[in-house]
Structure formats: structure tokens, C-alpha cells
Amino acid sequence: MGLLSEGNPLSWEETKKLADHVREHGINQFVNLYHRLKDRQGDILKWGDEVEYIIVKFDDEQKVARVALKAQDLLHKLNEKEHADPKGVKSLWRPEYGAYMIEGTPGKPFGGLMAHFNLVEANMRYRREEVTELLASDECVMSITNFPRLGAPNFTYPLHQPRPEDPLSSARSLYFPDEAIFPGHPRFKTLTRNIRKRRGEKVSIKLKVFKDVNTKLPVEGAPPGEPDVVLLDAMGFGMGCCCLQLTFQACNITEARRLYDQLAPLCPIMLALTAASPVYRGYLTESDCRWNVISSSVDCRTPEERGLEPLKDSKFRIAKSRYDSIDSYLSPEGAKYNDVKLTYDDDVYNRLIDGGIDHLLAQHVAHLFIRDTVSLFSEKVHQNDNEDTDHFENIQSTNWQTMRFKPPPPNSSIGWRVEFRPCEAQISDFENAAIVCFVVLLTRVILSYQLNFLTPISKVDENMQTAQKRDACRKEKFWFRKSSKSPEQRAAKQNGNASAPTTNGTAKATTNGSEEEDEPNKQPQVNGTAKMNGHSNGISNGTTNGHAHNGGVDSDHTDTDDEENELFQLLTINEIFNGKPGVFPGLVPLIRSYLQSMEVDTDTHCTIEQYLRFIQKRAAGELVTTATWIRDQVLNHPDYKQDSVVSESINYDLLKCIQRIQEGKHIEPALLGQGNHSKTKDFIPHALQKQLAKNGCCEDK
Ligand code: ADP
Ligand code: MG
Ligand code: MG
Ligand code: MG
């Protein structure tokens, strides 16, 4: 959940009074940091994942599974190693919203070498083992997106009951007790309370129940007049879900803005592919994903802002929750696809413009800043705007969007980064690693081939809703930008392009932009130590890198308005990933074509191939999404009464089965095929390291 400031949280009334103060200084801080850092160049590609986990406790006698409220205790132990040796640890552990959740990341980010793709899964496995060692034999750490019976009676261990009437309760939920909120940091309960208070009532999350032949209507707790709705009423239902996130460092701000834009249209696509959460509060629903749940779970808009009442006390109507899909592109190429009117305060926008920020970035920041702070700590109220960035981060880190544009933190060696945030957590390390490596490879292909996925924001919004529908991965179609050229045609075009030199007949992917002017035949990579460093490979910044080779995706400059209408087509997930002749080459074929030009050591190659094949099969519907698999498990369970209810025993058996899958003790052909055999390692082999050192790229030891 981003920033974790220390200190004492202010009351909602005090926080509310300081909303303009935070905004004003947050904007000053952004303007100052922008000028300090806008010319920062030459950062290398670094990237890392974040996986969130739920701790489950099994009662094998009663056949009941509950969430174990022991994250704080676990984190104490998990953080000991980090405290002793902050730079040397292989993993980092952070609190998350739930008292039953933890978030794990690699100890340090991965770098720009192909061989790093082989480290991800082993690192994820290490993290899982590290937690497992601290658990009792009846407990299990699971990377599941949602605990299926979260909010159903008696879902926590130890047992706690919600206190909806208690004025001291943060959530006041009928279902989700405050004890299930992480107790070790005041941020989480403060956010819960303040979001509820700002909104003027409890949050309200509505999901259509999956209607089976015996489904009893109204569903327990359904709102009046909406008998088929599963109603959830607390932040914990959304923020208590787990996800898989990725952060990349760009070589400079321009590349970061470009990557932000190019990845934004892929968010709904990846959400559909990773759909993993069809069950809420013990009911099968019509939704396969957490996104709308989490979006509504922190929707702090007042009734006026939501358009339910005429504007009186609130400044604007606001179209979306502060947790939602992005609303505008940041790069010049993206500008024409900003087809949804952005809400922002003109004064804030003008201050950004007067501060020397360009229109696209100014409107992005002004739009983030329509939100009030919902968590403010007394120690952080007064700041030095020339050095501190807490007020900016306060608003930035509570705009939870599909993509996040992350400026470098103060006084650090970290560069401009973008975060990719839509994916749902998958059951196995193999799947999570496959998704992570796929997305990182995609960024390399986007930069290298200058691909263009830009799609009007209104269509991306539409895709976000489509992505969450039941079995969207196999059944729905998504707006996608057309490109008529196959990878072969694209490669042929590149090979014929004098300004895009190639070596050994393969498409250039990694040569150094500046070097190649002088040495057009320089080998792009040496002896299996392929680098993918955005900066030093010159594959980074389309705007400064004179030769545009465009990976077969039509570029903006040649579009006329007529063509524009033709440009966006409705494609299935299969067509997007595996290609549709004459329309789009397919994301995986594009990656394969890119990889042909890279020299990769055999083990890494094998691992990447496993991942790509897995993704191709899931996209093709040959393998099912986690969400579909969970549905099938429920529907086929002997205790299932065709009433949409995921009972204690169904929940228990489902989670036990997931445990066996993640431990590799059970193979589910529908999910993973006949097993997977990636050659993941937790180190880069010695021989390769020596080679790297020789080539002057030994940043990782
Ligand atoms: P947040 O919770 O704010 O999104 P985290 O610190 O939890 O951020 O995780 C960010 C991810 O970014 C981690 O996987 C981490 O390894 C990775 N990371 C750290 N430093 C860099 C960097 N310089 N560039 C890119 N990624 C980085
Ligand atoms: Mg997190
Ligand atoms: Mg994090
Ligand atoms: Mg994150």
C-alpha cells in the first residue's frame, strides 16, 4: 500500500481541515522534485515484483479453514534478518491491510540481464519457504487473491466478531471485524475510518451473485430491491485481497512516461488473463476479479461527488473511486487518446503550469490532487517543500490506479519508475513468475520495437469492466489496437532498414543507440550475457533515438481520422496473445521474435519458453484461469447444493487442494497442464557471472 509514515494519526476532523494544506505543499513538493530530477538520465533497467499472501489456518478435524491473524507476529520475525543485514537479504517483507496478510518482494531488484528471468521463481519459492518455516503445521502461506469466505461467519483465527454499532470501530462492518485489520501500524485503521467518514457512510460493494438452480434470493444481507446482490461493507473486502505488482525503472522520465502509457491499455488484458477471485463472503459471484471490489472498498467520494446529490459542499463531480483505472496518458503520443474529460482544480493545474510542468503531466498531477488526504500523521504536517515529498506521496500513494508513475524518492539512487498494478495473485510461484517475466519482456519489446498499444482511455475503461466478467478470458472481446504486420514482416522491414542495423541476420534488439552510429556492425550482445538495459542499449527512448522501427504496429503519425476508426478492433484474449492474421501479430509472437535476437543461456531460455507456453495456453483457453478453476472446484464439490454457497467444507477442500498445488504435490492439468519444469535458480551461474564482469556489467553479485 505504498508509503508507511511513522507517527500519530490525526483525527478525521483535523485531517479534513488540513486537506488544502496537504494539497498546496504536495504540489510545491512535486514541482520542486520535478525540477531536481527531470534531467536525470542513464538509469539502468531494474525491476521487481511484489506478491501479497494470506496466512490460512486449517482445522483438519472440523474441516474448516480460517485466515490467521498473525501477520504482525510473523513480520517481526521476517524483518529480523533485514534489520541485521538490510542489503544482504534475499527477500523483504512488509505489512499489508489485513492482519492475515504479508507482502514479499525480492531483497533487491532484478537487473537488466536475460539471466535474471531465471531468478524470479526461485526467489518467490524462497520467500514462501521462509514464511513456511515460521508457521505451525496447520498453517499455510498462500498467494490467493481472495480468501473465499472472507467476511463469512467465523472466518478469522482467533475468532473475532464484528461490532457494527461500536462507535470506536474503524470499519463498523457487519462482517469484517476490526481485528482483521493489520494492528501494527495505525495507517490501516485510520484509512478505514477516514474513508468511511469522508464518504458519509460505510463503503458499499455490490456483486451480482452467480445464480444457480437453488440460489436463495434475496442473498443474505442484500440491499433493498436488489435481491441478487452480495453486499460487502468494509474496506477489508477489497484491500484485504492479494495482488501481484511489478515496478520497472526507466532510463529517464521520457521513457517512464512512455512505458506508463503503453502498459496502460494492457492492464485490463492482464487482469482478464490473471482473473483469480470469483468467490466473496462465501458466495459464487458473476465477477472473476477483485478490481471493482477493491475500487468500491476505498470509494471515499461524497454523495455529491458521486452525482447523487446536487453539488453544494463538494467541489466536483468525480467519475471514479481513488482506486481505479488510469484516466490520462502522459506521453505526447498518448495525448490524442485522452478522450475522457479530466476533473481537476484549475488553480492547482495553473500552479503546476506556472511551476514549469508541461500540460500532460500537470493535468495528471492535478487530477490526482482532486482527492483529499485520508491519512495524516501529526509529525508530518510541517515539511520543507524543497526537500521533503511526504505531502506529494500522501496523495500519490492513495491514488491506487492500474499504473503508477513513480518519481525518484529523495536522496536515493533510484530513478523514474512505473508500476504495473492490475494482476491478480496466482496460486503457484511458477504462474506468478511467468506473469512477471512476461510483462517485463513486453516492456523490452515495446521499447525495442517501438510498439504502440495506445487505445482511447474510454475504451480502456470499457475493457476494465469486460475483464472482470465471468470467464472473460475465454468468452469476451476487448478493444485492441490493430496492427497488420506479422513479426516476420516486421523483422524483414527492420532488416531492410539501414538505420536499424542488425547482426547475424537477426533483428536488432539491444545494441547501444549511441555506439551504433559509429560502429553499425557491433554485436548487440556477447556470449550469452545479453543485456536489456534500457539506457545503455539505446532501446529506450523513441523520441531521442532517430531511427523509428515500429514493431508492425501502425504508428500515430500516419493515421487519418478515417483510419482511426478502423484502428481499434474487438479481439479475444487468445487473439491478443497468440495473434490474429492481418490484425495483430500477438504479444507472445512479438516477444519470441525479440528473443530470437538475444543470446540467452540455455537454462534461462528454457525457463522463459515454459512461461511463454503457459501464457499462450491460458490465453488460448487450453488452460483455464484461476477464477474458472476455483468455480469448477466449487461446482463439482460433493457438498455443493447448487445454491451459490461456498460452505466451510467446500472452502476447506478448495484451500487444501491449493496448498497441495503450490507445494508441487498435486498437478492440476486444467491449471498448469502436465506440470512445469522451469530451470529457475537462485543465483546466476559462476561462469556467466565471470562473463558479465568481463563485459563490465556486473551490477549484481
Ligand atoms: P510499493 O509498495 O510502493 O509499490 P515496494 O517497495 O513494495 O513498492 O516494491 C517495489 C518493487 O520495486 C520491488 O519489487 C522492488 O524490488 C522493486 N525496486 C526496488 N528498487 C527499484 C528500482 N530502482 N527500480 C525498479 N524497481 C525497483
Ligand atoms: Mg501491497
Ligand atoms: Mg509494496
Ligand atoms: Mg506496489
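In this predicted model, the shell around ligand 1 draws on several strands: strand 1 (47-59), strand 4 (101-106), strand 9 (244-249) and strand 15 (417-420) each put in at least two residues. There are 17 residues around the ligand, and Lys46, Gly48, Pro109, Thr247 and Gln249 come nearest. In character the shell is mixed, with five nonpolar, six polar and six charged residues.

Stepping back to the whole chain, the protein has 25 helices and 17 strands. Of its 701 residues, 55% count as buried. Contacts reach well along the sequence: among those with a separation of 6 or more, 76% link residues 24 or more positions apart.

The largest nonpolar core takes in 194 residues, and Ile54, Val67 and Cys437 have the most contacts inside it. Helix 13 gives the most to this core, namely 15 residues. Such a core fits a general pattern, since nonpolar side chains in soluble globular proteins tend to be buried together. Leaving aside residues up to four places away in sequence, Cys437 touches Phe117, Val120, Ile608 and Tyr611.

Two of those partners, Ile608 and Tyr611, turn up again where helix 13 meets helix 21. Helix 13 (residues 429-449) and helix 21 (residues 602-620) pack with their axes 9 Å apart, at an angle of about 95°. Helix 13 is therefore roughly perpendicular to helix 21, as angles of 65 to 115 degrees are classed that way. On the helix 13 side the contact is made by Ala433, Ala434, Cys437 and Phe438, while helix 21 brings Ile608, Tyr611, Phe614 and Ile615. This contact of helix 13 with helix 21 comprises eight nonpolar residues, with no polar and no charged ones. The spacing of these residues recalls the helical repeat: an α-helix has 3.6 residues a turn, so residues three or four places apart point the same way.

Helix 11 (residues 359-368) is another case of burial. Eight of its 10 residues are buried, so helix 11 is largely enclosed by the rest of the structure. The buried set runs through Leu361, Ala362, Gln363, His364, Val365, Ala366, His367 and Leu368. Their cover includes helix 2 (19-37), helix 10 (346-354) and helix 12 (390-396).

The backbone has a few oddities too. Most residues other than glycine have a negative phi, and most peptide bonds are trans. Against that background, a cis peptide bond joins Tyr157 and Pro158, with omega about -5°. Pro158 sits in the loop between strand 6 (156-157) and helix 5 (186-199). The bond from Leu217 to Pro218 is also cis, and its omega is near -5°. For Pro218 the setting is the loop between strand 7 (205-208) and strand 8 (229-232).

Positive phi values appear at Arg281, about 50°, and at Asp471, near 60°, neither of them a glycine. Arg281 lies in the loop between strand 10 (279-280) and strand 11 (283-284), whereas Asp471 is in the loop between helix 14 (457-467) and helix 15 (472-475). Buried or partly exposed, then? Arg281 has 26 other C-beta atoms within 10 Å, so Arg281 is buried. Asp471 has 17 C-beta neighbours inside 10 Å and therefore counts as partly exposed, because burial needs 20 or more.

How values were computed
Residues are numbered from 1 along each chain as its sequence is written. Chains are lettered from A and ligands numbered from 1 in the order in which they are written. This is a predicted model: local features need pLDDT of at least 70, side-chain atom pairs count only at pLDDT 80 or more; totals for chains, interfaces and linings use all residues. A residue is near a molecule or strand if its C-beta atom, placed from the backbone, lies within 6 Å of it. Helices (H or I, at least four residues) and strands (E, at least two) are DSSP runs, numbered from the N terminus. Ala, Val, Leu, Ile, Met, Phe, Trp, Tyr, Cys and Pro count as nonpolar, Asp, Glu, Lys and Arg as charged, and the others, Gly among them, as polar. A residue is buried if 20 or more other C-beta atoms lie within 10 Å of its own, exposed if 12 or fewer, and partly exposed in between; C-beta atoms are placed from the backbone. Two residues are in contact if their C-beta atoms, placed from the backbone, lie within 7 Å. Axes are lines fitted to C-alpha atoms, for helices over the stretch in contact, and angles run from 0 to 180 degrees between N-to-C directions. Angles under 35 degrees count as roughly parallel, over 145 as roughly antiparallel, 65 to 115 as roughly perpendicular and the rest as oblique. A nonpolar core is a set of buried Ala, Val, Leu, Ile, Met, Phe, Trp, Tyr and Cys residues joined through C-beta atoms within 7 Å.
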